[in-house]
Amino acid sequence: MELMATAVGRLGSRFSLVFDPDAKQVLHSALGRWLDFPTDLAIGVRSEDEVVRALPFTRRFPHFEIVEQRLTFCGVKYIARSWDLGLTLKTEIVAPFYPRDEWTSVAPLFFMRLEVQPQERIFWRPAERSVRRGQVFVRLQRSNLHLTQAHDRLKINYSVPKVLWKGERERPEDLGESEELWWCDERVVPISPNAELLDDGIAFQFDLDDPSRCRFDLVWCAFVDEPVLKVFGQPASFKYRWLFTDVEAVADFACRHFDELLAKANQMDELLSNSGLTKTQADLIRFSFQNFLLNTWWVVRDDGAEWFSVWEGSCHFHSTVDVEYNDALVYLAFFPELLELLLDEWALFEMQDEVGSYLAHDMGGELEVGQQAYHHPMPVEENANFLLMLHCLWRWTGKHELIERHSGLAKRLTAYFERSDTTGNGFPNLGTANTIDDASPAVQYSQEQTYLAVKTLCACHAAAQIADALGETDWANQCRKLVERIRKTLDEQAWLGDHYAVCLERSADGLVDAWTGKPLSGELVGWDAYSIYTANGLLYLLLSGNEPDLNYQRICTDIVNAYWQSLTEYGCTHTSADKSNVWVSQNLWRDFVAAYLGIQLPDNSPRYFALQAFMNTSGLTKGFIDTYLTNNLCFYPRGITSIGYLFALCGLQIDKVRNIVRLREKALYPCRVPLLPLADWERGIVPAVVYRFVDGQMRAELEHPEVLGDLQVVWY
């Protein structure tokens, strides 16, 4: 694939690298994105007669003539070819990850794998020379880096000002004058023998006539031995400080467990590569997963209490509920314990207004956790998001204590829905500002929104099941009555013949702009537009096979018509009236709902990935970007919503409360879909559903059914 800015990150540990070939640099810091510096990273080869070629992350050396990039789930590969030298240099950066394995996933380290090969010709052009021996090197240069040779490794020390920045290319110089600093300790350690320490890096002598001297491995690790966040006023340090004593311990761990860590990373890469996903679907997951990781914070307070939260990319809000509503698919796939921890944390952010109890939009901003940082709440939306995630995690894990622990809060959140409707039709008309913050007023903060009404209906349907399981009959009945009221209004007032209205309200009179506080008046433009959000609340219920009773013929018609009415170059806009505002994550969410409902929309992953390529070339460095030009949701975690492709491909539904796993009997094409949430990660066994074309028809079979234990498999 073409060269584009690409990030690699660690789970909760912030150590990250952003490879930016256009700017000829790597953004690097042990504190991660927005606390990093442009660094000259030279990875290359030098022939015996001093001819040098390097990857395009340096300004110090000439670059390889041809460089190819390949994404992996656990990193990135570069294949660089030189006519002048007749050489190919393969470079792989590996960020080990393995589900439910903190040591592998959290340790602040990367592996670098280098391999030199002969390149006799490119196209019809023979190589100018055929270099057989020389040097392969990794060298770093930055003004505030202090590099020291220490026995068999390179020591790196530097400070990072406790000031965030949002620059595209160069970190402002005045940030270096901050009096508050973090001290960062790093090591680059060769794993392969016969390394040569340089003043600014490490080198190996290669010999193409000796297979043992063509491949080289090293580890790059980091450590910050002081608090990095304030959590409710208390200092909190990286979780890895409770796993490792210092940077040397990280380096020793990496060297001792190199083969094991690499094998786990390779297994994760192969699971994705061998699935039935298209190339762009898989690349979207690979690209966005690393951007998700670099936003994660996993810390421990001095009293031993753990805290996990995720920055909202360039916005720097901690674990925004509506963003994590989409991100949570990755927790369900790999780390359900983290979603459970987040639910417990959100419960600490219960707020009150004249209507009742609601959840804060976020847990804090920048380097402090403790109170909402966003300037206005989104009560109905965030309440519904919490309830739907709680319900899904309960059904997927069967953990009854989850709903017991949060029953009081869940009851108060559903009571807010009841009181947010002052007209009696079930559609909330109070607390209706939502997350779609670059949309038209009709979408963003109108009263009686169809999107919020359907999401409220779904949340109440989920709450009713929770109430039943807890023996709370009155609460369950209250929820079901509200479901009925909303459904009746949805059918009688919101349906416009071929789609659902954005909202029931047609006038802007009485509305207040949530951003400016100014009153609005006149016609509410876009109230009758086609919207991609109508069915947004359904996905978590579809994931467990507990969807509510709705007019699904209309729901499907709405999805299809809204798709065609709002489609643009990079995906669908919020509505047919919001012609420039594309959010990739919400397109993905809509695609998955459609797939579960049996709607075969075109595969739009090439559109979504084309946006990522555009936004990370030609002078732009945005990481995963959710938006197109009119907003700047960059280095954003929400792209990992794309992991849902693997759920939707086989229609995976898990309900451990009923002891059932449901799988679609037919697929669109022969493929193998790993059932990630059902894996036995400790033993490394991942069940899969395999679709084969046999005797003119598609047939499905289950690999490793023994991993499912006593779960009943139902094909549908």
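Select residues 87-94, strand β8. This strand is mostly covered, with 7 of its 8 residues buried. Keep in mind that you are looking at a predicted model.

**Stop 1: the neighbours of β8**

Add residues 75-82 to the selection. This is strand β7, which pairs with β8 in the antiparallel sense over 8 bridges. Which residue of β8 is the bridge partner of Ser 82? Show both side chains: the partner is Leu 87.

Now look at the turn of this hairpin. There are 4 residues between β7 and β8. Pick Gly 86 among the residues there; its phi is positive, near 70°.

Next, add residues 109-118. This is strand β9, and it also pairs with β8 over 8 bridges, in the antiparallel sense. Select Glu 92 and look across to β9: Arg 113 stands opposite.

**Stop 2: Thr 91**

Stay in strand β8 and select Thr 91. Is this residue buried or exposed? Its relative accessible area is 2%, and the cut-off for buried is under 20%, so Thr 91 counts as buried.

What does Thr 91 touch, beyond residues up to four places away in sequence? Show Val 76, Lys 77 and Tyr 78 together; Thr 91 touches each of these. Val 76, Lys 77 and Tyr 78 fall within the residue range of β7. Then show Arg 113 and Leu 114, two further contacts of Thr 91. Both fall within the range of β9. Ile 43 and Leu 55 complete the list of contacts.

Before leaving, draw a distance from Thr 91 to Tyr 530. The two residues are 439 apart along the chain, and their C-alpha atoms are separated by 47 Å.

**Stop 3: a six-stranded sheet**

Move on to the open sheet with the order β22-β21-β20-β19-β26-β25. The pairing among its 6 strands is mixed. Select residues 306-310 for β22 and 364-365 for β25. These are the edge strands, and each pairs on one side only.

At the β25 edge, add residues 368-369, strand β26. β25 and β26 run antiparallel and are joined by 2 bridges. Show Gly 364 here, and find Val 369 of β26 opposite.

**Stop 4: Thr 320**

From β22, follow the chain towards α5, residues 321-334. Thr 320 lies in the loop between these two elements. Why does a loop residue such as Thr 320 count as buried? Its relative accessible area is 1%, and under 20% is enough to count as buried.

Show what surrounds Thr 320. Leaving aside neighbours within four places in sequence, the contacts are Glu 312, His 361, Asp 362 and Glu 382.

**Last stop: the whole chain**

Zoom out and colour by secondary structure. You should find 17 helices and 34 strands. Along the principal axes, the C-alpha atoms fill a box of roughly 85 × 70 × 50 Å. The radius of gyration is 26 Å; a compact globule of 716 residues would have one near 27 Å, so the two agree.

Colour by burial next. Buried residues make up 64% of the chain. Then turn on the surface: the accessible area comes to about 25,100 Å², and 47% of that belongs to carbon and sulfur atoms.

Contacts can be viewed the same way. Of those with a separation of 6 or more, 67% join residues 24 or more positions apart.

Finish with the charges. The chain has 67 positive and 99 negative ones, and their mean positions are 4 Å apart.

Terms used. Residues are numbered from 1 along each chain as its sequence is written. This is a predicted model: local features need pLDDT of at least 70, side-chain atom pairs count only at pLDDT 80 or more; totals for chains, interfaces and linings use all residues. Side-chain values use heavy atoms; hydrogens and water are left out. The radius of gyration is taken over C-alpha atoms; the globule rule is 2.2 Å times the number of residues to the power 0.38. Buried means under 20% relative accessible area, exposed over 50%, partly exposed in between (1.4 Å probe, protein chains only). Contact means heavy atoms within 4.5 Å. Accessible areas come from the Shrake-Rupley method with a 1.4 Å probe; for residues, only the protein chains shown count as cover. Lys and Arg count as positive and Asp and Glu as negative; His and the chain ends are not counted. The place of a charge is taken as NZ of Lys, CZ of Arg, CG of Asp or CD of Glu. Two strands pair if DSSP finds at least two bridges between them.
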